Amino acid sequence: MSDTYEPFMAKVAELADIGHAEGMLSWDQETYMPPKGAAMRARAQGTLAGLHHERLTAPELVGLVKDLKGQDLTGDAAVNVREVGRSQDRALKIPKELVVELSQTESLSHEAWIAAREKADFAHFQPWLEKILKLKKEVAERVGYEGTIYNALLDEYEPYTRAEDIEPVFAALKDKLVPLVEKIAATGKFPARGVLDQDFPVAEQEELGRQVLEDLGFDLEAGRLDVAVHPFCSGTSRDDVRLTTRYSADWLPGSLFGTIHEAGHGLYEQGLPEDAVATPAGGSVSLGIHESQSRLWENMVGRSRAFSTHYLPRLKALFPTQLQNVNLDEFYAAVNQVEPSLIRVEADEVTYNLHILLRFELERDLFEGRVEVKDLPSVWNERMQQYLGVCPPDDAQGVLQDVHWSFGLMGYFPTYTLGNLYGAQFFHQAQQELPDLEGQIGRGEFGGLKTWLNDKVHNRGSRLRASELVEEVTGEKLSADYFTNYLEAKFGALYNL
Ligand code: MG
């Protein structure tokens, strides 16, 4: 190995440690920090972010990267130099003043969004969104891109993925989803009503969540479960993976499937390669691949008939009065209720991606100049009607519902749908290679699937790009077919279509 690689990796380790501290402070902010702690926390986070940027773009590290790029590196060394080079390049192209202006605008814009959403008043948020859009365009122009300007945004969350490549896949998905949603809506069946919307005491829900975490193989000696308003998984290392969930006393699926979802993210973090900790090669591939793990466990496992078979008796023991008269078919149908609705985060498996496709299209329209910010509410409502057959009564339940744009998270939404598609394609492959998978899930045995995912996905770190990983694991490029075939088979049977 070249004599510049070791000093390079020492710098990379420091960057990882600063990232670790930033991650811990954000986790604490979302879980235990008292409200009055916010101002000082923002200051400390700002200092750490500045320090990170300074170290990443320091002339010494720039020189080391330049030197190493000229060498013929292989394996993890090649990945580490490639990835540090990528973030360094991006950081060097964005002037500090722009970073500061964007960060201040995002913070004020977030406040404006909260007020606008409370009053269902888009006009209050509009000037802020216009400013964010302008700054994000400037960032994109400075960072540079091929094809659409949107690629510069997408690249931050789903590296090496281009809008032009996912567009046909998403179009194929939409063509199948819109008629499927219409057919299901026409049946007028709502099997969850009266079953899952009863009183479910939070203490028992917590007990259930912990049981499920242990069954799935999430290591609670290397992780935690806490409560947060917006559930997330935060991994500062594979040995310290923190999940959060939330409980509602009158809706069982929220915490149950929310916990399984975050456990899917957590199993990925805990399964990252042990021999590459705190290096880019040992990290996760992308948000889309991360989400594939959470959606696979939440939906393909958690919402399967086999899973209901195993857990319904245990649920009946925990909630005897609520579930005593509910049989397996009824429970399985209830946890898979499809209902076109206004709010993305409450959407079921079938309608969910239409919410995302709408946002992906709107973001591209904004950046490519086909839609102006002031027209967003009306375009949003038209498309909701077109895709889902529902129309928001006000902007709080429409264009103002998501936090993302107020924080400048643009180009982020498509990673949710990519996650569903990658997840379905991985799960289909797991079914081919693990013939008794359904039987195992029905007996509450999840080790086979977990080990398969550990070997095929988690333990690969980010040595392969997302498109390469899906090809290596499944032998094919990303396709919407696995997901749409899965949905049509499952919901065709559930709704007698
Ligand atoms: Mg997720």
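In which sense, left-handed or right-handed, does α17 pass α19? The crossing is right-handed, a term for the near helix being turned clockwise from the far one, whereas left-handed stands for an anticlockwise turn, by less than a right angle. The model is predicted, so that local features need pLDDT of at least 70 and side-chain atom pairs pLDDT 80 or more, while totals for chains, interfaces and linings use all residues. Residues are numbered from 1 along each chain as its sequence is written, and side-chain values use heavy atoms, without hydrogens and water.

Helices (H or I, at least four residues) and strands (E, at least two) are DSSP runs numbered from the N terminus. The axes of α17 (residues 414–433) and α19 (residues 447–456) come within 11 Å and cross at roughly 115 degrees; axes are lines fitted to C-alpha atoms, for helices over the stretch in contact, with angles from 0 to 180 degrees between N-to-C directions. In contact (heavy atoms within 4.5 Å) are F426, F427, Q429, A430 and E433 of α17 with L449, W452 and K456 of α19.

The magnesium ion has the protein donors H261 (NE2), H265 (NE2) and E291 (OE), at 2.2 to 2.3 Å. Donors are N, O and S atoms within 2.8 Å of the metal (3.2 Å for Na, K and Ca); water is not among the atoms, so sites may look incomplete. H261 in α10 (residues 252–270) and E291 in α11 (residues 287–301) are 30 residues apart. Both H261 and E291 are buried, that is, under 20% relative accessible area, with exposed over 50% and partly exposed in between (1.4 Å probe, protein chains only).
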